[in-house]
Amino acid sequence: MGVPYVSRITALAYQGALLSAAAGFTYRIVYSTKLEGYTLAAVRAAVAPMVASNGFQYTMYCALFITGRPVPTVLFPLMLHSGYQVATIVNKHFGETAAYKRVGGERLFAYAQANMHRALMMCATMEVSVLMLMLIEVFKLRTARSVFTVAFYLLLLRAKHACTDNTVFRIKFTYYNTGFYHQQMWNMIDERTAPILQRVSSLQAPVNMLKRWFTGSTKKQQ
């Protein structure tokens with residue numbers, strides 16, 4: 001009898017986390033977007049980098065999943081970035097205090113910064129793995145909504161693959177940009193699946209066409 005209440009509370013917590021994250025990203029986008037004028041050219045100049053930013057992409061990420069069933073994997077990238085944001089703020093305001101140094105805050109922050117590339121690689125891994133979960137759901141549900149969600153998320157992953165932004169909120173990545181980590185993840189998948197595709201020659205042409213679209217490459221795959 002208590003299970004429905006637990007499910008409801010879990011769903012509300014999940015939606016609340018996504019809604020608060022979307023609100024934070026939206027605020028940051030509005031705050032950082034500067035219009036040089038009110039002409040169409042000025043609007044385009046302001047919108048283009050905004051759409052290509054991590055903030056906008058994560059806002060779309062939150063909007064896509066907020067109405068669906070709770071998927072813990074979806075929250076991992078948001079929680080990781082939130083953790084870095086909190087750590088950055090705490091270090092900025094309390095980094096010189098004796099109490100902060102006594103509890104090891106300075107060492108922990110330095111460790112987190114030095115290993116940010118590993119954390120961001122985990123982010124990319126989780127974000128790509130969500131696509132796999134969504135594909136499984138498509139075959140189970142076979143609804144128009146599930147197909148639309150997968151198509152939208154694939155577009156979002158394509159944008160992340162090409163993303164040159166290296167900031168989230170006020171966090172500046174210590175190594176590389178978002179696109180680098182997603183490219184590394186897809187390269188690893190490509191290496192693992194290549195032997196399978198070689199055995200099934202009929203799949204090579206459509207898969208190569210999809211890869212060219214996804215990466216924005218005009219070169220034919222060998």
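Select Tyr 176 to begin, and you will find it in the loop between strand E2 and helix H9, the helix that runs over residues 178-199. The model on screen is a predicted one, and in it the phi of Tyr 176 is near 60°, a positive value in a residue other than glycine. As background for this stop, most residues other than glycine have a negative phi.

Step back along the chain to Phe 169, which sits in the loop between strand E1 (167-168) and strand E2 (171-172). Here again the backbone has a positive phi in a residue other than glycine, with the value for Phe 169 near 55°. If you display the surface at this point, Phe 169 counts as partly exposed, because its relative accessibility is 25%, and the buried class is kept for values under 20%.

The next stops concern salt bridges, of which the structure holds four. Select Lys 160 together with Glu 127, whose closest N and O atoms are 3.8 Å apart in a salt bridge. This pair joins distant parts of the chain, since Lys 160 belongs to helix H8 (residues 144-161) and Glu 127 to helix H7, with their positions 33 residues apart in numbering. Are the two partners buried or exposed? Lys 160 counts as buried because its relative accessibility is 1%, and Glu 127 is likewise buried, with a relative accessible area of 1%.

Stay on helix H7, which covers residues 116-141, and move to Glu 137. Its salt-bridge partner is Arg 69, and the closest N and O atoms of the two are 2.7 Å apart. This contact, too, links distant parts of the chain, as Arg 69 lies in the loop between helix H3 (54-65) and helix H4 (72-94), and the two residues are 68 residues apart. When you colour the pair by accessibility, Glu 137 counts as partly exposed at 26%, whereas Arg 69, with a relative accessible area of 54%, is exposed; the cut-off that places Arg 69 in the exposed class is a value over 50%.

For the last stop, select Lys 101 and Glu 96, whose side chains meet in a salt bridge with an N to O distance of 3.9 Å. That distance still qualifies because the criterion asks for a side-chain nitrogen of Lys or Arg within 4 Å of a carboxyl oxygen of Asp or Glu. Glu 96 is exposed, with a relative accessible area of 70%, while Lys 101 counts as partly exposed at 36% relative accessibility.

Note on methods
Residues numbered from 1 in each chain as written. Predicted model: local features only at pLDDT ≥ 70, side-chain atom pairs only at ≥ 80, totals over all residues. Heavy atoms only, no water. Helix = DSSP H or I, 4+ residues; strand = E, 2+ residues; numbered from the N terminus. Buried < 20%, exposed > 50% of the residue type's maximum accessible area, 1.4 Å probe, protein only.
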